[in-house]
Amino acid sequence: MSLQRQSGAVSLLMTSIVMMLMTSLALAFFYFMRYGELPFHDALLRWTKSGDAISAGIKDAASLHNPIGQTITADSEVRRCTIKGKVVFSNTDCLDTNTTTRTVKLIDNKGFEPPKVPASSGENQASGVADLREQLIIKQAR
């Protein structure tokens with residue numbers, strides 16, 4: 001007895017792919033009929049607007065240069081002032097003639113660190129839990 005392959009037939013895989021495509025087209029059609037527009041167009045417009053804004057920001061940042069040529073470190077002086085209603089941190093834009101100019105001291109830090117709990121409070125909590133456990137055991141024994 002020999003096995004014969006059926007030739008010319010549509011495979012199950014091809015059928016599932018065709019049915020998925022037809023289902024997605026039907027769902028898109030029903031969505032369009034209910035809301036009158038497809039959501040893909042709105043998403044595409046949002047993505048292109050944000051992409052244009054990001055590329056413009058990158059081009060602006062690439063054209064910036066430090067006129068003095070000095071690098072700002074934690075030891076250098078940085079000033080805080082208000083220019084045209086906006087708070088600005090700069091060592092070149094905030095001049096002494098501006099009345100809102102104030103010198104800011106930069107501090108290097110390690111970022112977010114968990115709060116340090118004193119060791120004595122941890123021991124008190126452990127003894128408090130032991131006392132509570134003993135009270136529960138005594139209460140259950142009665």
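**Entry 1: the hairpin**

I count two strands as paired if DSSP finds at least two bridges between them. The model I am reading is predicted. With that criterion, I looked up strand β1 (residues 78-83) and strand β2 (residues 86-90). Five bridges join β1 to β2, and the two run antiparallel. I record them as a hairpin with two residues between the strands.

I then went through individual bridge partners. Thr 82 stands opposite Val 87 in β2. For Cys 81, the partner in β2 is Val 88. Arg 80 faces Phe 89 of β2.

**Entry 2: the turn residue**

Which residue in the turn has a positive phi? I found Lys 84, in the loop between β1 and β2, with a phi of about 55°. I noted this value because most residues other than glycine have a negative phi. Lys 84 is not a glycine. I also looked up its accessibility: at 84% relative accessible area, Lys 84 counts as exposed, because the cut-off for that class is over 50%.

**Entry 3: the sheet**

What is the order of the strands in the sheet? I read it as β2-β1-β3, an open sheet of three strands with antiparallel pairing. The edges are β2 and β3; each has a single partner strand, so one side of each is left without a neighbour in the sheet. Neighbouring strands are turned against each other by 35° on average, direction ignored.

I next looked at the pairing of β1 with strand β3 (residues 102-104). Three bridges join these strands, which run antiparallel. The bridge partner of Arg 80 in β3 is Arg 102. On the β2 side, Arg 80 stands opposite Phe 89, and I therefore enter Arg 80 with a bridge partner in each of the two strands beside β1.

**Entry 4: the disulfide**

How many disulfides does the structure hold? I found one, between Cys 81 and Cys 94, with the sulfur atoms 2.2 Å apart. Cys 81 lies in strand β1 and Cys 94 in the loop between β2 and β3, so the link ties together parts that are 13 residues apart in sequence. The torsion about the S-S bond is -75°, and I enter the link as left-handed.

Are the two cysteines buried or exposed? I found both Cys 81 and Cys 94 buried. Cys 81 also has Val 88 as its bridge partner in β2.

**Entry 5: Arg 79**

I looked up Arg 79, which lies in strand β1. Its relative accessible area is 17%, so Arg 79 is buried; the limit for that class is under 20%. A polar atom of the Arg 79 side chain lies 3.3 Å from the backbone oxygen of Cys 94, a residue that is itself buried and joined to Cys 81 by the disulfide.

I then listed the contacts of Arg 79, leaving aside its neighbours within four places in sequence. Among them are Val 88, Phe 89 and Ser 90, and these fall within the span of β2, residues 86-90. The contacts also include Arg 102, Thr 103 and Val 104, which make up β3. Cys 94, Leu 95, Asp 96 and Thr 101 are in contact with Arg 79 as well.

**Entry 6: aromatic pairs**

I searched for paired rings and found two aromatic pairs. Phe 29 and Phe 30 form a tilted pair, with 5.9 Å centre to centre and 55° between the planes. Phe 29 is partly exposed, at 49% relative accessibility, whereas Phe 30, at 53%, counts as exposed. The two fall in separate classes because the boundary stands at 50%.

The rings of Tyr 31 and Tyr 35 have their centres 4.6 Å apart and their planes at 45°, so I enter this pair as tilted. How far apart are Tyr 31 and Tyr 35 in helix α1 (residues 12-35)? They are four residues apart, and so about one helical turn separates them. Tyr 31 is partly exposed, with a relative accessible area of 34%.

Notes:
Residues are numbered from 1 along each chain as its sequence is written. This is a predicted model: local features need pLDDT of at least 70, side-chain atom pairs count only at pLDDT 80 or more; totals for chains, interfaces and linings use all residues. Side-chain values use heavy atoms; hydrogens and water are left out. Buried means under 20% relative accessible area, exposed over 50%, partly exposed in between (1.4 Å probe, protein chains only). A disulfide is a pair of cysteine sulfur atoms within 2.5 Å. Rings of Phe, Tyr and Trp (its six-membered ring) pair if their centres lie within 6.5 Å; planes under 30 degrees apart count as stacked, over 60 as edge-to-face and the rest as tilted. A polar contact is a pair of N or O atoms within 3.5 Å; within protein, one must be able to donate a hydrogen and the other to accept it, and residues adjacent in sequence count only if both atoms are side-chain atoms. Contact means heavy atoms within 4.5 Å. Axes are lines fitted to C-alpha atoms, for helices over the stretch in contact, and angles run from 0 to 180 degrees between N-to-C directions.
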